[in-house]
Amino acid sequence: MDTRTQQSPPARRAFDAVVVGGGVIGLVVAWRAAGRGLTTAVVDPEPGGGAARVAAGMLAAVTELHHGEEALLDLNLESASRYPRFAAELSEAAGAGIGYRSCGTLSVALDADDRAQLRDVHLLQQRCGLDAQWLTGRECRRLEPMLAPGVRGGLRVDGDHQADPRLLAAALLTACERAGVAFHRDWVREVDVRGGRAAGVLLADGTALAAGRVVLAGGCRSGEPAGLPPGVAVPVRPVKGQVLRLRMPRTQPPFLSRTVRAVVRGNPVYLVPRVSGELVIGATSEERGRDTTVTAGGVYELLRDAHELVPGITELPLVETGAGLRPATPDNAPLLGPTALPGLHLATGHHRNGILLAPVTGDAVAEALVTGELPDYARPFGAQRFSVGAPGVPA
């Protein structure tokens with residue numbers, strides 16, 4: 001007779017909310033959920049990592065406006081308006097800053113075609129009631145003396161600011177820890193569905209976490225966990241972006257005092273100067289699946305286009321190269337809040353606006369976790385708009 005003691009399986013740890021994904025979006029949702037009194041866990045192999053490691057951190061509600069994205073503009077502006085208070089609150093909670101700067105942005109044109117395109121953008125901004133001032137080339141160079149002599153004109157947007165995504169992620173991680181958020185450094189294998197609702201998650205190591213609400217906030221990996229019913233759509237695809245980090249000299253006046261953007265031969269490029277002396281250059285946009293290889297072509301194109309804007313960059317040390325994956329949706333807008341599966345929420349698909357939309361995403365999804373509904377400003381971006389049966393989606 002076998003007299004060995006039979007051990008029962010470990011009890012499932014229970015939380016009010018489990019957030020799948022520990023990037024900036026997942027962390028801000030967890031922090032705000034904990035602040036609303038929910039016992040919260042984050043599941044991610046490397047919390048604080050993800051796309052934030054390579055993002056530039058432009059808070060560019062105005063200069064990121066594109067034709068056909070006017071609805072997204074309202075959400076971007078709402079989040080931008082919250083950033084000063086958000087930055088102060090988070091910095092106090094974490095005991096560290098997030099590199100928030102209200103230095104403004106200058107979008108410039110290098111030739112006649114660029115100038116015509118920028119004029120068209122300015123007309124769109126004016127139709128939307130946005131504050132953007134047209135400058136001559138000379139006025140642009142007066143603001144930023146390192147600009148190339150050939151700059152033909154530009155748009156000064158004082159309301160587009162910046163934050164440092166790496167500092168932001170680190171501060172959110174600390175704030176979550178101080179708020180009592182539990183961390184499980186693993187990945188989710190499956191969403192546990194019981195009785196027709198999301199009841200928790202199963203981790204890759206077999207650990208089971210029970211939860212009243214599950215939030216998929218894993219960027220372009222948000223749709224990977226098994227167990228999602230056919231009626232729940234998570235249409236997020238990865239869009240690769242390569243970035244460079246250079247070191248600016250400590251001079252007066254500074255090498256660059258604000259973010260500089262342009263379209264060079266059809267390629268968008270930005271230069272984001274940090275107080276630390278770092279200069280971030282991007283932004284390639286490549287449909288390459290999950291490839292995050294830094295390529296010689298990508299580095300060359302970024303340096304070439306940035307050099308046309310600011311010839312002096314060729315003298316700066318190149319200290320880092322990187323590539324990340326932006327989570328994009330069919331309409332380039334985020335997926336927020338409740339899905340067709342009770343208990344399951346989304347906070348993903350922020351594409352190129354993840355850092356900008358962090359404050360409003362945390363507030364909106366936390367509200368949905370507590371009340372079951374998104375606030376009015378977030379409802380146009382509800383998680384169910386691409387699900388079968390939604391308006392315009394074939395059954």
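**Figure 1. Cys103 counts as buried, at 16% relative accessibility.** In this predicted model, the closest cysteine sulfur to that of Cys103 belongs to Cys140 and lies 16 Å away, too far for a bond. Cys140 is likewise buried, with a relative accessible area of 0%. Seen from Cys140, the closest cysteine sulfur is that of Cys103, again at 16 Å and too far for a bond. Because a disulfide requires a pair of cysteine sulfur atoms within 2.5 Å, the 16 Å between Cys103 and Cys140 excludes a bond. A search of the whole structure accordingly returns 0 disulfides.

**Figure 2. His345 lies in strand β18, which covers residues 344-348.** The relative accessible area of His345 is 5%, so this residue is buried. Leaving aside residues up to four places away in sequence, His345 touches Arg213, Val214, Val215 and Leu216. Its other contacts under that criterion are Gly337, Pro338, Thr339, Ala368 and Leu369.

**Figure 3. His351 occupies the loop between β18 and α7 (358-371).** Although His351 is not a glycine, its phi is positive, at about 50 degrees. His351 is buried, with a relative accessible area of 12%.

**Figure 4. Asn332 has a positive phi, near 60 degrees, in a residue other than glycine.** Asn332 is placed in the loop that runs between β16 (318-328) and β17 (335-338).

**Figure 5. A cis peptide bond joins Gln252 and Pro253.** The omega angle of this bond is about 0 degrees. Pro253 sits in the loop between β12 (237-247) and β13 (259-264).

**Figure 6. The peptide bond from Gly282 to Ala283 is cis.** Omega is near 15 degrees for the bond between Gly282 and Ala283. Ala283 is found in the loop between β15 (278-282) and α6 (296-309).

**Figure 7. The protein chain, shown as context for the close-up views, contains 7 helices and 18 strands.** Its radius of gyration is 22 Å, close to the 21 Å given by the globule rule for 395 residues, so the chain is as compact as a globular protein of that length. The C-alpha trace spans about 90 × 45 × 40 Å along its principal axes. Buried residues make up 54% of the 395 residues. Of the contacts with a separation of 6 or more, 74% involve residues 24 or more positions apart. The chain exposes about 16900 Å², of which carbon and sulfur atoms supply 51%. There are 41 positive and 41 negative side chains, and the centres of the two sets lie 2 Å apart.

Terms used:
Residues numbered from 1 in each chain as written. Predicted model: local features only at pLDDT ≥ 70, side-chain atom pairs only at ≥ 80, totals over all residues. Heavy atoms only, no water. Helix = DSSP H or I, 4+ residues; strand = E, 2+ residues; numbered from the N terminus. Buried < 20%, exposed > 50% of the residue type's maximum accessible area, 1.4 Å probe, protein only. Contact = heavy atoms within 4.5 Å. Rg over C-alpha atoms; globule rule 2.2 N^0.38 Å. Areas by Shrake-Rupley, 256 points an atom, 1.4 Å probe, with all protein chains shown as cover. Lys, Arg positive; Asp, Glu negative; His and termini not counted. Charge placed at Lys NZ, Arg CZ, Asp CG, Glu CD.
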